[in-house]
Amino acid sequence: MKLLEVKIEENVMIANNIFLLSFESEYLAENFKPGNFVNILIDKESIYPLLRRPFSISFVEGKRVYIGYKVVGKGTKLLSQKSKGEAIDVLGPLGNSFLTDTFDGKVAVIGGGVGIFPLVGLCKELKNRGNKVDVFLGFRSIKSMFLVERFNSICNNTLIATDDGSSGYKGSVVELFKANFSKEKYKIVFCCGPKPMLKAIKNLNLPVKCYASLEEKMACGIGACLCCSIKGKGDKMYHVCSDGPVFDIMEVEIE
Amino acid sequence: MKLLEVKIEENVMIANNIFLLSFESEYLAENFKPGNFVNILIDKESIYPLLRRPFSISFVEGKRVYIGYKVVGKGTKLLSQKSKGEAIDVLGPLGNSFLTDTFDGKVAVIGGGVGIFPLVGLCKELKNRGNKVDVFLGFRSIKSMFLVERFNSICNNTLIATDDGSSGYKGSVVELFKANFSKEKYKIVFCCGPKPMLKAIKNLNLPVKCYASLEEKMACGIGACLCCSIKGKGDKMYHVCSDGPVFDIMEVEIE
Amino acid sequence: MNLEVEIAGVRLKNPVIAASGTFGFGREYSKLIDISEFGAICTKGITLKKRIGNPQPRLCEVYAGIINSVGLENPGVEAFVNEELPFLKGFNTKIIANINGFTKEEFVELTKILGSLVDMIEVNLSCPNVKEGGMAFGKDPEKVYEITKSVKDVASCPIIVKLTPNVTDITQLAIAAEKAGADAISLINTVSAMAIDIETRKPLIKMVTGGLSGPAIKPIAVRMVYECFKKVRIPIVGMGGIMNYKDAIEFFIAGATAIQIGTVNFINPKAVCEIKEGIEAYLERKGFNSIKELVGNINI
Amino acid sequence: MNLEVEIAGVRLKNPVIAASGTFGFGREYSKLIDISEFGAICTKGITLKKRIGNPQPRLCEVYAGIINSVGLENPGVEAFVNEELPFLKGFNTKIIANINGFTKEEFVELTKILGSLVDMIEVNLSCPNVKEGGMAFGKDPEKVYEITKSVKDVASCPIIVKLTPNVTDITQLAIAAEKAGADAISLINTVSAMAIDIETRKPLIKMVTGGLSGPAIKPIAVRMVYECFKKVRIPIVGMGGIMNYKDAIEFFIAGATAIQIGTVNFINPKAVCEIKEGIEAYLERKGFNSIKELVGNINI
Ligand SMILES: Cc1cc2nc3c(=O)[nH]c(=O)nc-3n(C[C@H](O)[C@H](O)[C@H](O)COP(=O)(O)OP(=O)(O)OC[C@H]3O[C@@H](n4cnc5c(N)ncnc54)[C@H](O)[C@@H]3O)c2cc1C
Ligand SMILES: Cc1cc2nc3c(=O)[nH]c(=O)nc-3n(C[C@H](O)[C@H](O)[C@H](O)COP(=O)(O)OP(=O)(O)OC[C@H]3O[C@@H](n4cnc5c(N)ncnc54)[C@H](O)[C@@H]3O)c2cc1C
Ligand SMILES: Cc1cc2nc3c(=O)[nH]c(=O)nc-3n(C[C@H](O)[C@H](O)[C@H](O)COP(=O)(O)O)c2cc1C
Ligand SMILES: Cc1cc2nc3c(=O)[nH]c(=O)nc-3n(C[C@H](O)[C@H](O)[C@H](O)COP(=O)(O)O)c2cc1C
Ligand code: FES
Ligand code: FES
């Protein structure tokens, strides 16, 4: 990991309040593994927002690194107002990564909301390694969908669930996945999304390994402040930023 | 006074770190009297800087209002980064004004540093009322001079003093004024500038009335918070923002 | 939406109050906004005799806050009654007189004079900018009890006791005030603080230390309101760093019946209107019928 | 320029120390910067036994600051000695162990174990995030005296006592620590604070309240350093909201011999270098020969 000052190449709205930002960094592009994230200092002089903001690296193309984010508060709003050429201070790559082997069978990837972003890079890598990949994407409605075309072009199947049924399956993406699971006999499952989604997946008690990328509020992003701890089994403590963000879903408590 | 949202028309550097900013406001232009100031909220969302920043209205041309300022800290730096078309929130006109009568004899106007700004409007008005006006301007050096041409075109005489003698008189503008005072027999004196300058003028114990525009740190700018109080005679307290900023120099304590 | 709140029988049409010392006696702001927008206006701190206050500099800005040391400059109670009060009475808002004594007797005297003239009295036991009285009294629960009791004995209007945050346990002050019969408590006054000009190596406040207000102190204030809410049954008037309606809502959830806004007036004189609108919209969005349902309604 | 400072005979090559709990045991930041840049590193708070700390959420952001409630998660003193200390010893910087007991005996035990292994011990009598020990002890001058004395009796290295700002008068704690033989005091630990999510009406910290750090608390910290400097003769290690060299200079002028930087590490891991350079340039510009000339050098 390194502290990098990069220049924004592109920062565009790709859906309602959802942005895709890219910059060039040979170092990050070379060292990136799917699941890694960066901790971005949006404005050096700012005392509010104060902390860096963590974002998954969505995917990499050549030297170009892509971050996708939703405007939810002060920091992401400021970020969305930055334009091409402006500098941001990026600390990364951080955290562990998804297991990207060549698996003996189909792979399922499940994403909800902004949890979908890191899955682009993951699916690309899984395909590179010769896997068959089905991706399940959950959105509010057809209006809030993003990156679907990209997944379409990468994965074997892209299955959509929307809360209101305006596109694909009507209902939760976990139900959609569950309905397909027995049929497709996935060998391994990867997921990222809001806690209720991850909890629902955990509660399926899948007979195969399932890895989830988690979120907690972070101060340092590198394992020093212990703000992002979560409980493992017994009194084992994990730090989402340095031991994760990717965990075996059965090994951690998801509250 | 009113709360106004105005759009910046121009915001240009006119000397090293010195900016001239203008915007259109019929209300301010109509109600402006020389000596008035405005309290500017540079960024509505900002908590640092937090308070509004007070600036004299330098002069008015038609509907166009001009503010001159020096970049000294966080607020003025932010202001200097604003460009044409951006909005600022202006509270004004505030404070009292210089006495602008038709005087029976020559008028002397003395300014130092950014204290020069409000004197443009003052000199214009004094001339409009048929006075003969000599203006004494103090700068660090020739490199930090500004608005001299403008004063030249307004006043009868524009006399310059610089600390290093790179233009005009070498030394303080008060010495320069003093040297001229007996000769010219000014009927009244107006001044604005740093405290040491005003103190030196006060210490001259002039035989004519002398009015000075003062500065104190301000929170409200309208007389409510009592942060900007200064002592008058006895236990009389004045508020620079509402009783001033212009005072009879002999009536107030200048520390 | 019902924004009305009641403090010791006094009905405020809404729970937003102008904080003492930030709104003068209403005169200046009345030129800028309709000051009847406030549920109540708390006056600049009043003393028996006229005071010229502290020397300059009295104000400096720090990260997300300001430090002030006005030192209770005010024209004295007589001038207040004769020159300021009649003006304030012309508005459709309640008047709270903020009183400051240097002895118990002065508090009593002020209460006698003002009790029948204003809607409520706020007893300032927390001014950090005077050497005697104020915070010097207000840090000691026994003194808080004693003064509150003496004031209550002669008061013909409800009494709010304003507490200082510069103590180990503010709930002890709150409990003392309640025991002594206070009708409400208000908190927090400013936090004792200091800043230094590194070029001159002089304190940025002439009196060296002053009172910190503004956004920086909000999380301290919310904590203290919450702590007091658990310990006393009299209404709490919460304040400290409220910049917008969201900040205000936090105080209600923590346990405040009403709020005061101070520093924000300097920055945004229309804050009172925006905060009221924001509260109203929030209550509607969340399905509450009145602001009272929100008070202390925290999910632990 | 001479940046060396001395605390109880321990020479720090410069006065910038990594604050406890913000720098782990140095391991993580060592991948990012040369941690030998620090005059000293103060470890994450250590307890006798391993602790898993407080439940999530442990962190939230507020105006110009953060609230944390880590709750002393740490691997226990044995793991520290065996696994972390050898690594830290590989750097050219002093090591300060931040120790936390839940009884006096635990403080003594920790001091016995660590006294000969580290350069200094910082006795944390101010953690706001544990129910027993920590701040519960640290608010009472008598307890501060008692624990400091017990620790000093067995200490084979200098002892710094870390004080809480959540008290009426921090100088009483400072005096108690000095009387008991403390070699230095450090202040301030975090300020007890609270924030509420208005959408869920839940506290943003699971433990309800937590410790406020960052720029918001700086003027409180500077004030307390100044107050203590007037009352004690032992060196003061100042901290609280230092973001850059200018903030650091304020602490020296107020009376700090050395400073600690905490929250800023999260934002700008290179802060230590920038602050050192800034101090150096300032001293040169102002004609000082060493940082020592600045300590307490205030123009009142
Ligand atoms: C490892 C990791 C990867 C992430 N990847 C992405 C991504 O690819 N795209 C994306 O849109 N979002 C992602 N998030 C969430 C993202 O960090 C937050 O949405 C963002 O920090 C919000 O900042 P804000 O200032 O706009 O919001 P505010 O609510 O103003 O933030 C206040 C504080 O809360 C923290 N915070 C707020 N929401 C979250 C959250 N969901 N998780 C962790 N901390 C939070 C902020 O960092 C900040 O400290 C990720 C979070 C983590 C921990
Ligand atoms: C009535 C009045 C009229 C003024 N007119 C002008 C003008 O026409 N042109 C100009 O360049 N400057 C003028 N000033 C000074 C100007 O207000 C300050 O330079 C400016 O506020 C600095 O803000 P900052 O954030 O850049 O500096 P900072 O130093 O970061 O400001 C910190 C705080 O100190 C206050 N402050 C700093 N310097 C001064 C000062 N000299 N006087 C009062 N408060 C100060 C700021 O308002 C702010 O609250 C005037 C001041 C007053 C009171
Ligand atoms: C300039 C100024 C003057 C103040 N004067 C008084 C006062 O006279 N009496 C009083 O009780 N509080 C006084 N206060 C404290 C405020 O009423 C309020 O308690 C404090 O500022 C916190 O609220 P805020 O952060 O919204 O400003 C003053 C505050 C400021 C900023
Ligand atoms: C996440 C976090 C953890 C902390 N843990 C400890 C600790 O274990 N022991 C301790 O004495 N102080 C601890 N502190 C307090 C800091 O050492 C420091 O006193 C405080 O943060 C103020 O400095 P700052 O504003 O520069 O951060 C912690 C602070 C933070 C932010
Ligand atoms: S964010 Fe600091 S340890 Fe994970
Ligand atoms: S600035 Fe508030 S009274 Fe003058």
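Three elements of chain A, namely strand S4 (53-61), strand S5 (64-70) and helix H2 (74-80), each put at least two residues into the shell around ligand 1. S4(A) has the largest share of that shell, with four residues. Keep in mind as you look around that this is a predicted model.

Which residues come nearest to ligand 1? Out of the 19 around the ligand, they are A:Arg53, A:Pro54, A:Gly75, A:Thr76 and A:Glu215. Chain A doesn't do the whole job, though: ligand 1 lies between chains A and D. Sorted by class, the shell around ligand 1 comes out as seven nonpolar, five polar and seven charged residues.

Now for the backbone atoms at this site. A polar backbone atom of A:Pro54 sits 2.5 Å from an oxygen atom of ligand 1. At A:Gly73, a backbone N or O atom is 3.0 Å from an oxygen atom of ligand 1, while A:Gly68 has a polar backbone atom 2.8 Å from a nitrogen atom of the ligand. As for cover, ligand 1 exposes 830 Å² when taken alone, and the protein buries 84% of that.

Let's move over to ligand 2. Here the residues that come nearest, from the 19 around the ligand, are B:Arg53, B:Pro54, B:Gly75, B:Thr76 and B:Glu215. Why is this site called shared? The residues that surround ligand 2 come from chains B and C, so the site is shared between chains.

In chain B, strand S4 (53-56), strand S6 (64-70) and helix H2 (74-80) each bring at least two residues to the shell around ligand 2. S4(B) gives the most, four residues. The class split for ligand 2 reads seven nonpolar, five polar and seven charged.

The backbone is worth a look at this site too. B:Pro54 places a backbone N or O atom 2.6 Å from an oxygen atom of ligand 2. For B:Gly75, a polar backbone atom is 2.7 Å from an oxygen atom of ligand 2, and for B:Gly68 the partner is a nitrogen atom of the ligand, 2.8 Å from a polar backbone atom. On its own, ligand 2 has 820 Å² of accessible area, and the protein covers 84% of that area.

That leaves the place where chains B and A meet. How many residues of each chain are in contact there? Four residues of chain B touch four residues of chain A. As a bit of background, the size of an interface is often given as the accessible area lost when the parts come together. For chains B and A, about 330 Å² is buried between them, and carbon and sulfur atoms account for 60% of that. On the chain B side, B:Ile47, B:Tyr48 and B:Lys74 lose the most area to chain A, and together they make up 80% of what that side buries.

B:Lys74 also turns up in a salt bridge with A:Glu45, where the closest N and O atoms are 3.7 Å apart. Across the interface of chains B and A there are two salt bridges. Polar contacts are another matter: with both residues at pLDDT 80 or more, the count of residue pairs between chain B and chain A is zero. By class, the side of chain B that touches chain A consists of two nonpolar, no polar and two charged residues.

Technical notes: Residues numbered from 1 in each chain as written. Chains lettered and ligands numbered in written order. Predicted model: local features only at pLDDT ≥ 70, side-chain atom pairs only at ≥ 80, totals over all residues. Heavy atoms only, no water. Near = heavy atom within 4 Å. Polar contact = N/O pair within 3.5 Å; in protein donor to acceptor, adjacent residues only side chain to side chain. Areas by Shrake-Rupley, 256 points an atom, 1.4 Å probe, with all protein chains shown as cover. Nonpolar A, V, L, I, M, F, W, Y, C, P; charged D, E, K, R; others polar. Contact = heavy atoms within 4.5 Å. Buried area = accessible area lost by both parts, 1.4 Å probe. Salt bridge = Lys/Arg side-chain N within 4 Å of Asp/Glu carboxyl O.
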